[in-house]
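Here is a short tour for anyone who likes to know a fold residue by residue. Have the viewer open and follow along.

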Amino acid sequence: MLSLRTLPALAVLLAGLPAAAAPNDVAVFGIELAEPGTIGPRPLKPQDARRLGLATDALRREVAGRGLDLVDLGPQAAAIRRDAPFYKCEGCAEKIAQAAGAALVVYGYVQRSAPQVLNLTITVTEAGSGKVLRGGQVVIQGDTDDTWLHGVRSLVKNRLFAEPLPNRS
């Protein structure tokens with residue numbers, strides 16, 4: 001039985017442990033650029049870096065707008081740099097998300113199939129098991145800010161969150 005004198009010590013011990021992830025805690029990773037045939041990292045063109053940032057911000061807003069709580073991935077920055085790109089690294093995003101206290105993981109990438117045609121792929125997984133809950137792909141026709149943002153919104157609305165996620169309603 002716990003005495004009142006042991007409660008503060010127990011609280012200090014529990015504070016050092018990672019909290020169990022709430023079912024609505026989600027880690028949204030930055031959208032990446034996939035360049036098939038490229039070996040090793042290559043610097044992004046400024047317009048690509050800017051559009052990836054815009055698309056990532058839009059994805060985070062859309063996910064948060066669905067009632068999910070975004071976890072802070074800032075403390076995981078070194079692991080993110082080490083393990084990226086996540087579309088090539090099976091399970092890396094889930095491990096990082098779990099360490100950040102997330103139950104769900106959202107990550108994606110854009111791949112150019114022609115100068116004005118891009119494919120955007122986004123996946124939603126469980127952090128603990130790596131099980132894919134949802135995924136989708138949309139073709140972006142036109143390489144502009146508006147077409148990238150439309151692609152993100154369309155994919156989130158029509159594929160990723162069209163219905164409640166399995167076991168998450």
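Which residues are buried in α4? They are C92, A93, E94, I96 and A97. Please keep in mind that this is a predicted model.

**The chain as a whole**

Let us step back before returning to that helix. The chain has five helices and six strands, and from the N terminus on they follow the order α-β-β-α-β-α-α-β-β-β-α. Of the 169 residues in the chain, 40% are buried. If you take the contacts between residues at least 6 apart in sequence, 62% of them join residues at least 24 apart. The accessible surface comes to about 9,800 Å², and carbon and sulfur atoms account for 56% of that surface.

**Around helix α4**

The cover over the buried residues of α4 includes β1 (25-28), α3, β4 (104-114) and β5. A good residue to centre your view on is I96, which sits in α4 (residues 92-99). Beyond its neighbours within four places in sequence, I96 is in contact with F29, Q76, A79, I80, D83 and F86. One of these partners, I80, is 16 residues away from I96 in sequence, while their C-alpha atoms are 7.4 Å apart in space.

Another partner, Q76, belongs to the loop between β3 (69-70) and α3 (77-83). Leaving out residues up to four places away in sequence, Q76 touches I96, A99 and A100.

Just after α4, G101 has a positive phi of about 95°. A102 then lies in the loop between α4 and β4. A102 and D72 are 30 residues apart in sequence, with a C-alpha to C-alpha distance of 9.2 Å.

**A stop in strand β5**

β5 was named above as part of the cover over α4, and T123 is a residue of this strand (residues 117-126). With residues up to four places away in sequence set aside, T123 touches V105, V106, Y107, V132, R134 and G135.

The four residues visited so far can be set side by side by their relative accessible area. Each counts as buried because its value is under 20%.

| Residue | Relative accessible area | State |
|---|---|---|
| A102 | 3% | buried |
| I96 | 4% | buried |
| T123 | 15% | buried |
| Q76 | 17% | buried |

**How α2 and α5 pack**

Two packed helices are described by the distance between their axes and the angle between them. Here the axes of α2 (residues 46-64) and α5 (residues 145-160) come within 9 Å and cross at roughly 30°. How do the two helices run relative to each other, and why? Angles under 35 degrees count as roughly parallel, so α2 and α5 are roughly parallel to each other. The crossing of α2 past α5 is right-handed.

On the α2 side, the contact is made by R50, R51, L52, L54, A55, A58, L59 and E62. From α5 come D145, W148, L149, V152, R153 and V156. Sorted by class, the contact has nine nonpolar residues, five charged ones and no polar ones. An α-helix has 3.6 residues a turn, so residues three or four places apart point the same way. With that in mind, try displaying W148, L149, V152, R153 and V156, which are among the α5 residues in the contact.

Methods:
Residues numbered from 1 in each chain as written. Predicted model: local features only at pLDDT ≥ 70, side-chain atom pairs only at ≥ 80, totals over all residues. Heavy atoms only, no water. Helix = DSSP H or I, 4+ residues; strand = E, 2+ residues; numbered from the N terminus. Buried < 20%, exposed > 50% of the residue type's maximum accessible area, 1.4 Å probe, protein only. Contact = heavy atoms within 4.5 Å. Areas by Shrake-Rupley, 256 points an atom, 1.4 Å probe, with all protein chains shown as cover. Axes fitted to C-alpha atoms, helices over the stretch in contact; angles between N-to-C directions. Parallel < 35°, antiparallel > 145°, perpendicular 65-115°, else oblique. Left-handed = near helix turned anticlockwise from the far one by under 90°. Nonpolar A, V, L, I, M, F, W, Y, C, P; charged D, E, K, R; others polar.
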